[in-house]
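User: I've got a structure to look through and I'd like to talk it over step by step. Can you help me read it?

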Amino acid sequence: MERIILHCDLNNFFASVECRDHPELKDRPIAVCGSVEDRHGIVLAKNEPAKRFGIKTAETVWQAKKKCPDLFIVPPHFNRYYYFSKFIKQIYLCYTNQVESFGIDECWLDVTGSTRLFGSGTDIAEEIRARTKAEAGLTVSVGVSFNKIFAKLGSDLKKPDAVTQISRENFKQKIWPLPVDAMLGVGKKTAKRLKELGIRTIGDLAAADLKYMVSIFGKSGQDMWRNANGLDLSEVSAADADPAPKSIGNSVTCVHDLFDMEEVWPVLLHLSEKISRRMRDAGVIASGIQLSVKDSRLHVTQHQVHFSAPTRLTMDLAAAAKEMFLKNYTWKSPVRALGISGFALVPESEMQQASFFQNILQNEKNERLESEMETLREKYGNASITRAALMTSMPLPGSQNHEK
Ligand SMILES: [Mg+2]
């Protein structure tokens, strides 16, 4: 049976959420930028008026301001973006349980089995488009096709707030004139190599000799060629295929009681490092953390904090735990045991776009980490100290993992 696949792409997602939350910004050129005070902060998203000035994602605030001096800079509100991302996914799930996220603002839906209930692929796409606008106040572009690659290309063709169908009848006319690097899986480097071979459009790629493509690009040459010819068979994975753990935590009972922050901090750092690594292994990122403290009278207190943007960076986790500890622990008794767990875990796959931006912002964070390590080195006087080495002098027996 011919598959019916939708690719839904929210338009100017971060900027649209900001304009939705602050309607007075709607007609002004705005850009959501990573670090607002810093001229070197980068543009994460822009609205339609800003696009007209040629503002581009990933350029610096400084470059953007040169193009448009009146550009209004907004800091990101990641928790709002995750909220809407999830909210809209609930709309998609009304039509099929085969919903696969690709970044925070894109999803594929396999609606092959849904047509008897909801009408044709384009009927469903139109309904999703209208509901997204009415219920979330955001717009989405939907591509409808018989495979994932063409559905994604379709959603790019008409924006914003539009539905584009790529059928067996029209794909040669609509898809083949597009440049090769518009297609998923063709990166800049590959596109450059293809161009050297005289292959500029997806149509050129489709018409190329398969054996020749394989001889140059190996397996990916075959994939590209198949994709260009509409032969992509990859499946849309089900939404509940592999449920992420709800929380990941570690706790430790110290071999002797701890009497001040100076003793507590390395333990928090150690626990943060452990759960950071476990989150990386599990492919998840935490929206918040919980700190548990058991004192020498075995009295336990727990505190939670939500991050403005999900993270699994050791220093982010440790700093948040430290802040909670300082704010809440009264030192009536010394500390016996400490535990940290990350909760409201978000799958990495839903974070691709945000993590791309966060990678850029991470340099900044790494610098902070370095200076923090510097302080510890000074304090503990070990020239070759690393976070792991630091722990050998700490009051730690084996620690415990827990997962919910
Ligand atoms: Mg988008």
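**Reading the predicted model**

User: Which residues are the protein donors of the magnesium ion?

Analyst: Keep in mind that this is a predicted model. The protein donors lie 2.1 to 2.4 Å from the magnesium ion. Two of them use an OD atom and one uses its O. They are D9 (OD), L10 (O) and D105 (OD).

User: How many residues apart are D9 and D105?

Analyst: Along the sequence, the donor residues are spaced D-L-x94-D. D9 sits in strand 1, while D105 is in the loop between strand 5 and strand 6. That pair ties together distant parts of the chain, and the separation is 96 residues.

User: Is D9 buried or exposed? And what about D105, buried or exposed?

Analyst: The cut-off to use here is that buried means under 20% relative accessible area. D9 has 9% relative accessibility, so D9 counts as buried. D105 has a relative accessible area of 8%, so D105 is also buried.

User: In what order do the five strands of the open sheet come?

Analyst: Start at the edges: strand 5 (99-101) and strand 8 (162-165) each pair on one side only. The pairing in this sheet is mixed, and the twist averages 20 degrees from one strand to the next. Reading across, the order is 5-6-1-7-8.

User: Which residue stands opposite V99?

Analyst: Strand 5 is joined to strand 6 (residues 106-110) by three bridges, and the two run antiparallel. So we look in strand 6 for the partner of V99, and the residue there is L109.

User: At about what angle does helix 6 run to strand 7?

Analyst: Helix 6 covers residues 121-136 and lies across strand 1 (5-10), strand 6, strand 7 (140-145) and strand 8. Its angle to strand 7 is about 170 degrees.

User: Which backbone nitrogen does the side chain of S272 reach?

Analyst: S272 is found in helix 13 (residues 261-282). With 0% relative accessibility, S272 counts as buried. Leaving aside neighbours within four places in sequence, its contacts are T314, L317, A318 and I340. At 3.2 Å, the side chain of S272 reaches the backbone nitrogen of A318.

User: Which residue takes a positive phi in the hairpin of strand 10 and strand 11?

Analyst: Strand 10 (residues 284-295) and strand 11 (residues 300-311) run antiparallel, joined by eight bridges. One facing pair is S292 with Q302 in strand 11. Four residues lie between the strands of this hairpin, and the one with a positive phi near 70 degrees is L298.

Note on methods:
Residues are numbered from 1 along each chain as its sequence is written. This is a predicted model: local features need pLDDT of at least 70, side-chain atom pairs count only at pLDDT 80 or more; totals for chains, interfaces and linings use all residues. Side-chain values use heavy atoms; hydrogens and water are left out. Axes are lines fitted to C-alpha atoms, for helices over the stretch in contact, and angles run from 0 to 180 degrees between N-to-C directions. Contact means heavy atoms within 4.5 Å. Buried means under 20% relative accessible area, exposed over 50%, partly exposed in between (1.4 Å probe, protein chains only). A polar contact is a pair of N or O atoms within 3.5 Å; within protein, one must be able to donate a hydrogen and the other to accept it, and residues adjacent in sequence count only if both atoms are side-chain atoms. Donors are N, O and S atoms within 2.8 Å of the metal (3.2 Å for Na, K and Ca); water is not among the atoms, so sites may look incomplete.
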